[in-house]
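Student: I am new to this structure and would like to look closely at a single part of it. Could you choose a place to begin and take me slowly through what surrounds it?

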Amino acid sequence: MPVFAANLTMMFNEWAFLDRFDAAAEAGFAAVEYLFPYEATPEAIAERLARNNLQQALFNLPPGDWAAGERGIAALPGRFDALKADVERALDYAAATGVRRLHLMAGIADRHDEDASSAYRRSVTYAAGRLAEKGIDLLLEPINGRNMPGYFLNDFGAAERLIAECGLPNLKLQFDIYHRQIIHGDVTIALRHLLPIAGHIQIASVPSRNEPDGEELNYPYLFGEIDRLGYDGFVGCEYIPRGHTLDGLGWFKPFARS
């Protein structure tokens, strides 16, 4: 049975960030993820995790200047020193939370630009090597161009090739089913093919990015397929509730922690 992680950036927004840990646990989640933890202290997050017996499934390395439109800096030439500092900052939070996987955002850049491609490969290789020292996996996530126009890593095939070429045992794919459906479709066959290199799965309805209980994807079937394939990692609920978070958790009741 999938172990679902509530995404505290998108879900439980009726509460302040740290209080979302309590709300998620009370709703029956055994794990949490979020985009970025950096506005809270590592100690404060660690205390909420321990208090609620929650596992930290995932978070992102720092993304650069998010307010200015940056969506990662890994593929941006000239930002390597900043990336190295960001890796160390993320590792401080990893040490406090016990997380075993971190996502590296690529940034807004042309995937066919040689300088951007070189910068990205250098960043990925460095970050994966540094995280390996701490027993942590580095994840790469293809993101669709509708939600994030101009994002460098916008193709699952490109991610698969890079992971194979790098040959690093802790470099994994972040398989977001929502992004996969929008970019390529063919979700089930892709799961069967790519799950051996996947370190994390995320879900949301398509096209609205809401609860996984309607629209064009049959999530009960996909959950069964994920189980059949033997996936034992987390499934992140990276969706935007249609209304109040708790009102939309009917789909989750069979999976809730008692």
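Tutor: Let us begin with Phe-36, which in this predicted model is in contact with Thr-9, Asn-60, Leu-61, Pro-63, Trp-66 and Met-105, once its neighbours within four places in sequence are left aside. Phe-36 is found in the loop that runs between strand E2 and helix H2. Its relative accessibility is 21%, and since buried means under 20%, Phe-36 counts as partly exposed. From this loop we can also look across to helix H3, where Ala-90 sits 54 residues away in sequence from Phe-36, with 9.4 Å between the two C-alpha atoms.

The strands on which this part is built deserve a careful look. Strand E2, residues 31-33, pairs with strand E3 in the parallel sense over 3 bridges, and within that pairing Val-32 has Gln-56 of E3 as its bridge partner. The path from E2 through helix H2 to E3 makes a right-handed β-α-β unit, and the loop holding Phe-36 belongs to that path, being placed between E2 and H2. E3 in turn pairs with strand E4, again in the parallel sense, this time over 2 bridges, and there Phe-59 stands opposite Leu-102 of E4. A right-handed β-α-β unit is made here too, by E3, helix H3 and E4. Of the 6 residues of E3, 5 are buried, so this strand is largely enclosed by the rest of the structure.

What, then, does helix H3 look like, and which of its residues are buried? H3 covers residues 80-97, which makes 18 residues, and from its first C-alpha to its last it reaches 26 Å, close to the 26 Å expected for a helix at 1.5 Å a residue. Its buried residues are Phe-80, Leu-83, Asp-86, Val-87, Ala-90, Leu-91, Tyr-93, Ala-94 and Thr-97. Seen down the axis of H3, these buried residues fall within an arc of 165°, so they line one face of the helix. The spacing fits a general rule: an α-helix has 3.6 residues a turn, so residues three or four places apart point the same way. On the other side of H3, Asp-81, Asp-92 and Ala-95 are exposed. The cover over the buried residues of H3 includes helix H2 (42-52), strand E3 (55-60), strand E4 (101-103) and helix H4 (114-132), and H3 is followed by Gly-98, which has a positive phi near 75°.

Helix H1, residues 17-26, also packs against this group of elements. Its buried residues are Arg-20, Phe-21, Ala-23, Ala-24 and Ala-25, and they pack against strand E1 (3-7) as well as E2, H2 and E3. After H1 comes Gly-28, whose phi is positive as well, near 110°.

Finally, we can turn to the positions that carry an annotation. The UniProt record, an unreviewed entry, places the feature "active site" at Glu-141 and Glu-238. Although these two are spread over 98 residues of sequence, they cluster in space, with a largest C-alpha distance of 12.9 Å. Glu-141 lies in the loop between strand E5 (137-140) and helix H5 (156-166), whereas Glu-238 lies in the segment after strand E8 (234-237). At 5% relative accessibility Glu-141 counts as buried, and Glu-238, at 6%, counts as buried too. Leaving aside neighbours within four places in sequence, Glu-141 has contacts that include His-103, Tyr-151, Asp-176, Gln-202 and Glu-238, while the contacts of Glu-238 include Asn-7, Glu-33, Glu-141, Asp-176, Gln-202 and Arg-209.

Asp-176 appears among the contacts of Glu-141 and among those of Glu-238, and it is a good place to end. Asp-176 lies in strand E6, residues 171-176, and is buried, with a relative accessible area of 1%. Apart from its neighbours within four places in sequence, Asp-176 is in contact with Glu-141, Phe-156, Gln-202, Arg-209 and Glu-238. Between Asp-176 and Arg-101, which are 75 residues apart along the chain, the C-alpha atoms are separated by 15 Å.

Definitions and conventions: Residues are numbered from 1 along each chain as its sequence is written. This is a predicted model: local features need pLDDT of at least 70, side-chain atom pairs count only at pLDDT 80 or more; totals for chains, interfaces and linings use all residues. Side-chain values use heavy atoms; hydrogens and water are left out. Helices (H or I, at least four residues) and strands (E, at least two) are DSSP runs, numbered from the N terminus. The expected span of a helix is 1.5 Å times one less than its number of residues. Buried means under 20% relative accessible area, exposed over 50%, partly exposed in between (1.4 Å probe, protein chains only). The arc is that of the directions from the helix axis to the C-beta atoms. Contact means heavy atoms within 4.5 Å. Two strands pair if DSSP finds at least two bridges between them. A crossover is right-handed if, with the strands pointing away from the viewer, the path from the first strand over the helix to the second runs clockwise. UniProt positions are given in the numbering used here, feature names are shortened, and annotations may be inferred rather than shown by experiment.
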